[in-house]
Amino acid sequence: MSFQAYLDTIEDKTGRTPRQLVDEAAAKGFGPGTKAGEILAWLADEYGLGRGHGMALVHVITKGPTISSKHVGTDGVHRDESETLWLDGKATKPSP
């Protein structure tokens, strides 16, 4: 599953866009330097997210929407279309 696909699935599971969740995390004081366990516990308690989906959000909350180019443009199962993740919801995501 691509990084972006994780974020899209999180939106389906929570009804909130990744950006809304990042903003909510910031309001709770989560950001760069926050331990993953704290964020994972909040996401599990509040939204029922498991570790895999939670870790995708941990990355975005603590490091921002840029990811490694390792899988960008590849044809493997983890491929992403861009080094920048789309956080504003599937409905507004530009076509590739």
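## Overall fold

The protein chain of this predicted model contains four helices and zero strands, and reading along its sequence gives the pattern α-α-α-α.

Taken along the principal axes, the C-alpha atoms occupy a box of roughly 35 × 25 × 20 Å. A compact globule of 96 residues would be expected to have a radius of gyration near 12 Å, and the value for the protein chain, 13 Å, agrees with that expectation. Among the contacts in the protein chain with a separation of 6 or more, 53% are between residues 24 or more positions apart.

## Surface and charge

The accessible surface of the protein chain amounts to about 5,600 Å², and carbon and sulfur atoms account for 50% of that area. Of the 96 residues, 40% count as buried.

The protein chain carries 11 positive and 13 negative charges, and the mean positions of these two groups lie 4 Å apart.

## The nonpolar core

In soluble globular proteins, nonpolar side chains tend to be buried together. In this model the largest nonpolar core has 21 residues, and the residues with the most contacts inside this core are Leu7, Trp42, Leu57 and Ile61. The elements that each give two or more residues to this core are α1 (3-14), α2 (18-27), α3 (36-47) and α4 (51-63).

Leucine 57 offers a view of how parts of the sequence meet here: when its neighbours within four places in sequence are left aside, leucine 57 is in contact with Leu7, Ile10, Leu21, Leu43 and Leu49.

## Two buried residues of helix α4

Valine 58 has its place in helix α4, and because its relative accessible area is 6%, which is under the 20% cut-off, this residue counts as buried. Not counting residues up to four places away in sequence, valine 58 touches Ala36, Ile39, Leu40 and Lys63. From methionine 1, valine 58 is separated by 57 residues in sequence, while the distance in space from C-alpha to C-alpha is 17 Å.

Threonine 62 also lies in helix α4, and its relative accessible area of 15% is likewise under the 20% cut-off, so threonine 62 is buried as well. With residues up to four places away in sequence not counted, the residues that threonine 62 touches are Gly31, Pro32, Thr34 and Ile39. Ile39 therefore appears in the contacts of both residues, since valine 58 and threonine 62 each have heavy atoms within 4.5 Å of Ile39.

Key. Residues numbered from 1 in each chain as written. Predicted model: local features only at pLDDT ≥ 70, side-chain atom pairs only at ≥ 80, totals over all residues. Heavy atoms only, no water. Rg over C-alpha atoms; globule rule 2.2 N^0.38 Å. Buried < 20%, exposed > 50% of the residue type's maximum accessible area, 1.4 Å probe, protein only. Areas by Shrake-Rupley, 256 points an atom, 1.4 Å probe, with all protein chains shown as cover. Lys, Arg positive; Asp, Glu negative; His and termini not counted. Charge placed at Lys NZ, Arg CZ, Asp CG, Glu CD. Core = buried A, V, L, I, M, F, W, Y, C linked by side-chain atoms within 4.5 Å.
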